[in-house]
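These are my notebook entries from a first reading of this structure, written for someone who has not met it before. I kept to what I could look up, one topic at a time.

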Amino acid sequence: MIELEGVPELVDPVMVAAFEGWNDAGDAASAAVAHLEKEWKGEVFAALDAEDYYDFQVNRPTVWLDDGVRKITWPTTRLSVVRVGGDKPRDLVLVRGIEPSMRWRSFCNEILGFAHELGVELVVVMGALLGDTPHTRPVPVSGVTSDPDLARTMDLEETKYEGPTGIVGILQEACTHAGVPAVSLWAAVPHYVSQPPNPKATLALLNRLEDLIDLRIPLGELPEDARAWQLGVDQLAAEDSEVAEYVQSLEEARDTADLPEASGEAIAREFERYLRRRDGATGPAGSPQPGGHATDGGEGASYLRDTSGERTRPPKPSKPGRRAGSDAEAAPDGPTAQGPAPEGAVPDEPASDGSVSEGSGEDSGGSDSADTSDD
């Protein structure tokens, strides 16, 4: 039985989850949840027992010193709560951890137990995959669900994916079978610059989450980090003519695929988003509010800042024709991903509900790898 002493009664709670590993290309998804936890000062109230779900030879514990005393941090999944005030108060339950090595059904049931006790109204699971998408264009973000009614009401894709899946897909299906509305958000990351971090993909996921739950998310320095990331990749790509030519071919393919999106409905949707965010990002006199907004990233996004304040160079792009990670497979739907493409995601095409105009800051990002095993 789950007991939640000390956790206050929540207002319209939404659970937002992300897991490091197979479904987290460029660490984009886990970084998005970490950003929410940091910006809203989330308070951890529960952690799953690491002994139940993790193989410590795959995900090893770490030893650290606290005032000369050695302590151990075990790999696990932690839950925290953030209280979001404002005109439309809404609380978030953040789930951040590592994809479990075993007992996936029990793992999902335990998370659903917390969701039930806290009165969670919607579960949003974020992931990222590798795709044939250029780093110079907005990051495609697909929103998918197994619930036909939810797909209609929230303008999402109804998943048609068949094939191997990760904990993101398993948790979404567990929610659906338990009667809990659940959505997965997937960001497509350029396979040729797959190493983490990828702040541009993280920014894209936060943009999409913001639209989905109608909540303004403070972004801090993330837009500036995203701009620096893209500038760094631009410079490295320019140093290799083969990579530059390959990026140009991806741009042409992406721009051609984007043409159908230039419809009246798509333009109207983007204009409404712009107006809504502009109003939220300015004060009574029109001055910018501190903290920024999810549209602050702009289309020039780039690499993460060094803690010393100096810019760091992003990892060198992989040569065309190679995928980061020799074990990456071609997904049934076409794109190459960190494993197969996720349920419903189409990373090599513009996501009708996720891709936005050049100035929105939704662009593409990196990859990652980790061993997974089902129960």
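**Entry 1: helix α1.** I began with the length of α1, whose 12 residues should span 16 Å at 1.5 Å a residue, and since the end C-alpha atoms are 16 Å apart, the two values agree. I note here that the model is a predicted one, so that every entry below is read in that light. I then listed the buried residues of α1, which are A28, A29, S30, A32, V33, H35, L36 and E37. After the helix comes K41, and I found that its phi is positive, near 55°.

**Entry 2: H35.** I picked out H35, which is found in helix α1, and asked myself whether H35 is buried or exposed. H35 counts as buried because its relative accessibility is 12%, and the cut-off for that word is under 20%. Leaving aside residues up to four places away in sequence, I found that H35 touches L206, P218, L219, G220 and L222.

**Entry 3: D24.** Next I turned to the loop between β1 (14-20) and α1 (28-39), where D24 is found. D24 has a relative accessible area of 0%, and so I wrote it down as buried. Which side chain does the side chain of D24 meet in a polar contact? The partner is the side chain of S30, at 2.6 Å, and S30 is itself among the buried residues of α1. I also checked D24 against M126, and these two are 102 residues apart in sequence but 8.4 Å apart in space, C-alpha to C-alpha.

**Entry 4: the nonpolar cores.** M126 led me to the largest nonpolar core, which has 40 residues, and in which V16, L92 and M126 have the most contacts. The elements that give two or more residues to this core are β1, α1, β6 (92-98), β7 (122-131), β10, α6 and α7 (222-238). Of these, α6 gives the most, with 8 residues. For M126 I wrote out the contacts, not counting residues up to four places away in sequence: M126 touches V16, A17, A18, A29, A32, V33, V168, L185 and L205. Apart from this core lies another, of 39 residues, and A17, V95, W186 and A188 are among them.

**Entry 5: aromatic pairs.** How many aromatic pairs does a search of the whole structure find? The search gives 5, and I followed two of the pairs in detail. F19 and F107 form an edge-to-face pair, with 5.7 Å centre to centre and 65° between the planes. This pair links distant parts of the chain, as F19 is in strand β1 and F107 in helix α3 (residues 104-118), 88 residues apart. F19 counts as buried because its relative accessibility is 1%, and F107 is buried too, with a relative accessible area of 0%.

The other pair I followed is that of Y192 and Y246, which is edge-to-face with 6.2 Å centre to centre and 85° between the planes. Y192 lies in the loop between β10 (182-190) and α6 (199-213) and Y246 in helix α8 (residues 241-258), so this pair ties together parts that are 54 residues apart in sequence. I checked burial here as well, and both Y192 and Y246 are buried. Returning to F19 and F107, I closed the entry with the cluster they belong to, since F19, Y53 and F107 form one aromatic cluster.

Methods: Residues are numbered from 1 along each chain as its sequence is written. This is a predicted model: local features need pLDDT of at least 70, side-chain atom pairs count only at pLDDT 80 or more; totals for chains, interfaces and linings use all residues. Side-chain values use heavy atoms; hydrogens and water are left out. Helices (H or I, at least four residues) and strands (E, at least two) are DSSP runs, numbered from the N terminus. Buried means under 20% relative accessible area, exposed over 50%, partly exposed in between (1.4 Å probe, protein chains only). A polar contact is a pair of N or O atoms within 3.5 Å; within protein, one must be able to donate a hydrogen and the other to accept it, and residues adjacent in sequence count only if both atoms are side-chain atoms. Rings of Phe, Tyr and Trp (its six-membered ring) pair if their centres lie within 6.5 Å; planes under 30 degrees apart count as stacked, over 60 as edge-to-face and the rest as tilted. A nonpolar core is a set of buried Ala, Val, Leu, Ile, Met, Phe, Trp, Tyr and Cys residues joined through side-chain atoms within 4.5 Å. Contact means heavy atoms within 4.5 Å. The expected span of a helix is 1.5 Å times one less than its number of residues.
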